[in-house]
Every structure is written in structure tokens, then in C-alpha cells.
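Me: I am new to this structure and would like to go through it in short questions. Please show it.

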Number of protein chains: 2
Amino acid sequence: MKIFNTIPKIREALREIRRDGMTIGFVPTMGFLHEGHLSLIRIAKRRADVVVVSIYVNPMQFSAGEDLAAYPRDFRRDETLCENEGVNFIFYPNDEEIYPDGFATRISVEGLKEPLCGRSRPSHFDGVATVVAKLFNIVEPDLAVFGKKDFQQLAIIRRMTRDLDFPIEIVGGETVRERDGLAMSSRNKYLSPAEREVAPTLYRALRMAKQRIEDGGAEDSEAVKRVMRAQIESADAFEIDYIEIVDPETLIPVANPSSRKVVIALAVRLGAARLIDNIEVGF
Amino acid sequence: MKIFNTIPKIREALREIRRDGMTIGFVPTMGFLHEGHLSLIRIAKRRADVVVVSIYVNPMQFSAGEDLAAYPRDFRRDETLCENEGVNFIFYPNDEEIYPDGFATRISVEGLKEPLCGRSRPSHFDGVATVVAKLFNIVEPDLAVFGKKDFQQLAIIRRMTRDLDFPIEIVGGETVRERDGLAMSSRNKYLSPAEREVAPTLYRALRMAKQRIEDGGAEDSEAVKRVMRAQIESADAFEIDYIEIVDPETLIPVANPSSRKVVIALAVRLGAARLIDNIEVGF
């Protein structure tokens with residue numbers, strides 16, 4: 001496994017890979033890797049000859065007052081985990097490498113960046129789209145793997161990739177969960193033991209809502225969301241940011257979720273952590 | 001010479017070119033080619049093994065009320081001109097190919113898109129940056145050539161290319177002029193014979209201003225602009241949009257233009273045409 005800190009160096013190494021006719025799979029991360037990331041790496045490993053993981057906590061996707069400085073980092077541990085998974089290259093740049101003086105370019109995926117997490121994080125997805133476009137141009141992978149846990153991010157990356165004609169296949173990886181159902185997240189580290197204990201309420205509410213929709217009945221989305229809200233609020237620990245039932249591609253709210261594909265998505269604050277989760281229904 | 005209308009077809013052909021180790025030079029145009037475009041094609045021809053010209057009147061860079069529908073088009077003539085210059089591939093897509101249903105992505109180069117032409121055309125350069133990023137991802141050239149006549153466009157493309165890490169060299173081609181100094185432009189077609197006759201006033205004013213700055217003296221930019229304005233307005237045919245003396249990279253106005261690189265740029269309306277021109281000083 002090789003570690004690169006600069007764009008010219010990783011480009012040079014990747015040029016050789018491509019010259020030898022090998023395919024490149026890419027997993028962009030903010031590091032502090034957990035089983036969720038590792039499952040994405042395994043997908044890339046199965047699908048491509050060479051796997052590149054980027055580890056970069058992207059300041060452009062954090063607003064003032066968010067957890068940029070506190071975001072957990074442990075490069076040595078990430079390095080070992082990548083090594084064990086058979087990752088070939090790690091790209092581990094610093095901020096000067098990614099955002100040189102005079103940086104001025106912003107990519108917006110309009111219509112998709114505003115709802116859901118975009119309401120409380122208005123510039124977040126511009127930061128995500130912009131850094132991902134940069135990483136795509138640096139790594140030039142054949143395929144890139146993103147987790148479904150941030151399904152809005154995945155929808156935005158898919159749309160941007162199609163719209164800007166990046167010749168890259170976007171692959172969504174299933175959310176990996178703790179045994180009690182809590183979606184894995186680097187931010188779970190922020191939870192106190194008591195908060196950690198109630199956190200699985202979120203996935204329980206998502207599963208129950210999915211069941212409710214699949215069982216049929218005339219229930220509309222508002223009714224489903226009401227029940228979820230009651231269930232989550234009964235734990236008396238969550239501050240709900242949103243619960244929405246939306247179209248998986250357009251993210252437009254769906255009034256009647258039966259007999260079609262929808263995603264039920266939510267975001268909450270639990271202590272110091274902002275947690276997101278979602279479930280696909282009708283897929 | 002081969003003509004491609006779809007993204008998959010040109011990609012397939014270019015993949016072979018790259019597999020054979022040949023370099024690709026790219027000249028994006030809106031067609032209705034003139035000597036200015038041909039000079040860019042010749043630069044690409046000298047610098048790369050294979051030259052791709054795109055011909056696409058990009059609706060995203062026109063606002064309502066601008067000349068999208070009237071913009072001159074003559075594909076058969078363009079085809080012959082490209083053939084004569086030894087162009088290898090023409091990419092000639094339609095709007096559905098470039099902007100499929102649900103298209104939602106916008107690239108903004110902030111700070112550079114707002115001044116000069118951006119003041120009267122606020123979304124113009126987002127449209128330019130977005131379509132150029134798309135074309136870059138479709139053609140994946142080694143180098144791309146843009147005319148200096150639209151020097152704000154060139155500055156924006158350079159900035160975007162660097163910011164998003166496109167592995168592409170951006171080359172600026174000198175403005176080609178009619179014998180009387182008028183910068184070549186597809187939009188010169190809109191000029192009446194009387195308007196055509198006064199049009200060279202613009203370049204005369206630019207050259208005189210350059211001379212004035214190069215001759216030294218304590219003159220500041222405001223004084224230079226005042227003289228230019230008087231000279232252009234004396235023709236009694238122009239409506240001046242702007243005259244600015246700016247830094248070539250940041251486009252920030254420069255108060256004292258002596259002993260440094262600046263660009264003097266202007267835009268005017270002359271009859272039905274909006275004309276731009278500029279001159280480099282201190283280069």
C-alpha cells in the first residue's frame with residue numbers, strides 16, 4: 001500500500017496503473033474508518049483491479065459552528081484498516097493541496113441540495129459536490145463507491161456525475177449497522193453511554209414505518225411521519241431535524257408512499273451528535 | 001474527419017485514440033467559425049496529435065432576451081472549414097444530449113463571474129463553466145484552446161480547471177482581427193454597414209490607452225478610462241456597457257496600471273450587436 005499526499009504524485013502512480021490497463025475503484029472518505037467504510041472498500045475491491053481510498057476532512061462541507069475541528073481523526077488506525085483490506089493507494093492531502101490560494105469554484109446540484117439536510121446545512125452539499133468533482137479529476141476512477149447512509153449525498157453525486165458527464169460509475173453501498181440497528185457513523189463517537197442506548201430508536205422507527213407502508217392500507221406520508229415522530233420523541237433525548245418520505249432521485253416529498261419506491265429519511269440531534277439515517281421502501 | 005452527435009460515440013472513438021498513445025487537443029466553439037476559431041484550431045493542431053472541435057450553441061449561457069435563437073449557425077460551412085484545417089473529430093450534439101431531463105448542476109467561479117460582462121449577464125459564466133466542464137469530461141483532452149477575445153471567459157476557465165483539478169492544459173489564443181482592427185466575432189454579422197464602419201473605434205481606443213500607459217506618466221486608470229470613453233462616445237453609435245482596467249487573473253480593477261500586467265477590457269452595444277474586446281498591457 002502506498003500513501004500519497006500530493007496531487008502530482010498520485011496522478012503519476014495512477015497513470016502507470018491505467019497504462020497497464022487496470023481498472024481503478026475509488027472510495028472517498030473523511031477517515032476515522034468504520035465497518036461502513038470497509039464494506040465500501042470491499043465493493044471497490046471486488047469491482048476494480050486497484051482500490052484508492054481518499055482520507056480528507058473537507059472544510060468546504062462544514063459551516064461555521066459545525067464540528068470541523070472536533071471531527072474525529074486517526075490516520076494511523078485508518079492506515080492499518082486500509083492495509084488489512086488490501087487497499088492499494090491512500091490519498092491523504094492537506095488543505096493547501098486541495099484548496100490553493102484563490103480557490104473560487106463551487107458546484108451546486110440545484111433542487112437536490114436544498115431539502116432534507118440542506119435545510120439546516122445550506123452550503124454543505126456544494127462543499128461535497130465540489131470536493132468530489134476534484135477527487136474524481138485527481139483519481140479518474142472507473143467506479144466510485146458511496147454509502148447509502150447519506151442517501152442525499154449519493155443522489156447528489158449521481159446527479160452531478162450524470163450532469164457533468166464524468167465517465168465514472170457510481171455505486172451505492174448498503175448502510176452497515178451495529179447489532180442493535182444504529183447506523184455506523186464516525187459521529188457516533190460523540191454519544192454518551194445513555195445517548196448511545198436510545199440511539200437505535202431511529203432505525204426501529206424507520207423499520208416500523210417501512211412495515212406500515214408495505215402492509216398497505218390507505219395511510220399517507222403525513223400519518224406515517226406522525227407515528228415516527230411520536231415514537232422518536234417518546235425517548236425524550238432526540239431533537240428532530242426532519243423526517244421526510246421522498247422520491248429517491250428527485251428528493252421531492254411523496255404524499256402517498258404505497259406502490260412506489262420511496263426513501264424515508266431522518267436527521268436528529270442527539271446530545272452533541274447530529275445523526276442521519278434512512279430506509280428504502282418498495283425497492 | 002468524423003462527426004459525432006452523441007456522447008457514447010465520440011467517447012468510444014477517443015478511447016481508441018488514447019489507447020494508441022496519441023494526445024488530444026480540443027477547441028470548444030459555438031460554430032459559425034471565423035479566422036479567430038481557425039487560429040485556435042491551428043494551435044491545437046501544432047500541439048496535439050488529434051484535434052477535436054465542438055460546435056454547440058449552449059443555451060445555458062444565454063439569458064432570456066439574449067440572442068440564443070438569432071445566434072448565427074451554418075454547420076455545413078463549419079464542417080468544410082474544419083475539414084480544410086485538418087480537424088479530426090467534430091462533436092456536434094443537440095440540446096437533449098447535453099441537457100437531459102432533470103439536469104440540475106451548476107458550476108460557479110465566484111469572484112470572477114460577477115464583474116465586467118457578468119454585470120449585464122449574471123448567469124452567463126455559470127453556463128460557460130458548466131458546459132466546458134461537461135465537454136472536458138466528454139473529450140478528456142490533453143489541452144484545450146480558448147480565444148483571448150473573451151478574456152474573462154479564459155480567466156474563468158483557467159481558474160475552474162485549476163480549482164477542479166482537470167488534468168488539462170489551458171492555452172489562450174491571440175485575438176484575430178479584421179484589417180481595420182475589429183476583433184473577429186460571429187456577432188459582427190449583426191452589424192449594419194454603417195455600424196461596421198465605426199466598429200474599429202473600439203480597438204483604436206484600446207491601442208491608444210495601452211500606448212498612454214506604456215508611455216508612463218502619472219495617469220491613473222480613471223483618467224485612461226475617461227479618455228477612452230470620450231473617444232468611443234464621439235462616434236455617436238456605441239452604448240458603452242463597461243470599460244475596465246483589471247488584473248488579468250483576479251479581474252479586480254487596478255487603480256494604477258503602470259509597471260504591472262493589466263488587461264483593458266470593454267463591452268459595448270452597437271446596433272443589434274453586443275461587442276467585447278480587450279488588450280493586454282505590460283505583458
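Me: How many residues of S2(B) are buried?
Reply: Residues are numbered from 1 along each chain as its sequence is written, and chains are lettered from A in the order in which they are written. This is a predicted model, and local features need pLDDT of at least 70. Strands are DSSP runs of E, at least two residues, and helices are runs of H or I, at least four, numbered from the N terminus; a residue is buried if 20 or more other C-beta atoms, placed from the backbone, lie within 10 Å of its own. For S2(B), which is mostly covered, the count is 6 of 6.

Me: Which residues of S2(B) are buried on the side opposite B:Ile24, B:Phe26 and B:Pro28?
Reply: Both faces of S2(B) are covered. The buried residues on the other side are B:Gly25, B:Val27 and B:Thr29.

Me: Through which helix does the chain cross from S2(B) to S3(B)?
Reply: S2(B) and S3(B) pair in the parallel sense over 6 bridges; strands pair if DSSP finds at least two bridges between them. B:Gly25 stands opposite B:Val51 in S3(B). The β-α-β crossover is right-handed (clockwise from the first strand over the helix to the second, with the strands pointing away from the viewer). The helix is H2 (residues 35-47) of chain B.

Me: Why is one side of S1 and of S7 in chain B left without a neighbour in the sheet?
Reply: In chain B, 6 strands form an open, parallel sheet in the order S1-S4-S3-S2-S6-S7. S1 (2-4) and S7 (169-173) of chain B stand at its edges, so each has a single partner strand.

Note on methods
Predicted model: local features only at pLDDT ≥ 70, side-chain atom pairs only at ≥ 80, totals over all residues. Buried ≥ 20, exposed ≤ 12 C-beta atoms within 10 Å, placed from the backbone.
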